[in-house]
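Let's look at how charged side chains pair up here, and at how accessible the partners are.

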Amino acid sequence: FVIPYLLEAEKDIFVNFYKQETLSKYFRCYQGELNMTTHRKYFSDVPDDYMVLKGAQIQRYHFLTDRMSQGKIEYVKSEKYLSDFHTPKSRHYKRERIVMQGITGVNESIRLKATYIPGGYFCAHSCNYLLPLSDDFLYLFWPVLALINSRLFNWVYKKTSTNSNVNSYEIENLTIPDNR
């Protein structure tokens, strides 16, 4: 159990936040499909294939494709990777997704940073991403992106997470207002 340190005035906000449905009812959160260590042989510097998005490229409402704050832009040898991996997750690069930084500083003012990415990008394991559980929940895509980037979600997340990894279960346990 997480026991957050709350001021008296914050308790009602926190309690009401967790009375709502969790994101896990509508979305599943995955870690990026490419591990930057164990899948290293599939990475390339040659921009003739799909780009691999890393956590440092993910910002609030946009992602960087021409520069990075750390590391370098890389691509995936997709033909080789896809011939070696035949899982549903290995095909997620074809789908539009909500992508988040998977590692963030505990003392950063904004801990959750998410953006929309269209199909055609692979994600490194320094990213997490959300996919709706069914097409019935596609209408929640943009509201969920806004909520993840909101001050409220960041406040709640900072109160409940004390490590630098943004774990999938932490994202799935965030709640969304009744959408009926």
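In this predicted model, Lys 113 and Glu 108 are joined by a salt bridge between their side chains, with N and O 2.8 Å apart. Lys 113 is buried, because its relative accessibility is 16% and the cut-off for buried is under 20%. Glu 108, at 28% relative accessibility, is partly exposed.

Salt bridges with shared partners also tie Arg 40, Lys 54 and Glu 74 into one network. Within this group, the side chains of Lys 54 and Glu 74 form a salt bridge, at 2.5 Å from N to O. Here the contact connects distant parts of the chain, with the two positions 20 residues apart: Lys 54 lies in the loop between strand E4 (51-53) and strand E5 (58-59), while Glu 74 belongs to strand E7 (residues 74-76). Are these two partners buried or exposed? Lys 54 is buried, with a relative accessible area of 8%, and Glu 74 is buried too, at 4%.

Another pair to visit is Lys 11 with Glu 8, a salt bridge in which the closest N and O atoms are 3.2 Å apart. Lys 11 is partly exposed, with 36% relative accessibility. Glu 8 is exposed, because its relative accessible area is 61% and exposed means over 50%.

Here are the three pairs together:

| Salt bridge | N to O distance |
|---|---|
| Lys 113 and Glu 108 | 2.8 Å |
| Lys 54 and Glu 74 | 2.5 Å |
| Lys 11 and Glu 8 | 3.2 Å |

How many salt bridges does the model hold? The count comes to 9.

Key: Residues numbered from 1 in each chain as written. Predicted model: local features only at pLDDT ≥ 70, side-chain atom pairs only at ≥ 80, totals over all residues. Heavy atoms only, no water. Salt bridge = Lys/Arg side-chain N within 4 Å of Asp/Glu carboxyl O. Buried < 20%, exposed > 50% of the residue type's maximum accessible area, 1.4 Å probe, protein only. Helix = DSSP H or I, 4+ residues; strand = E, 2+ residues; numbered from the N terminus.
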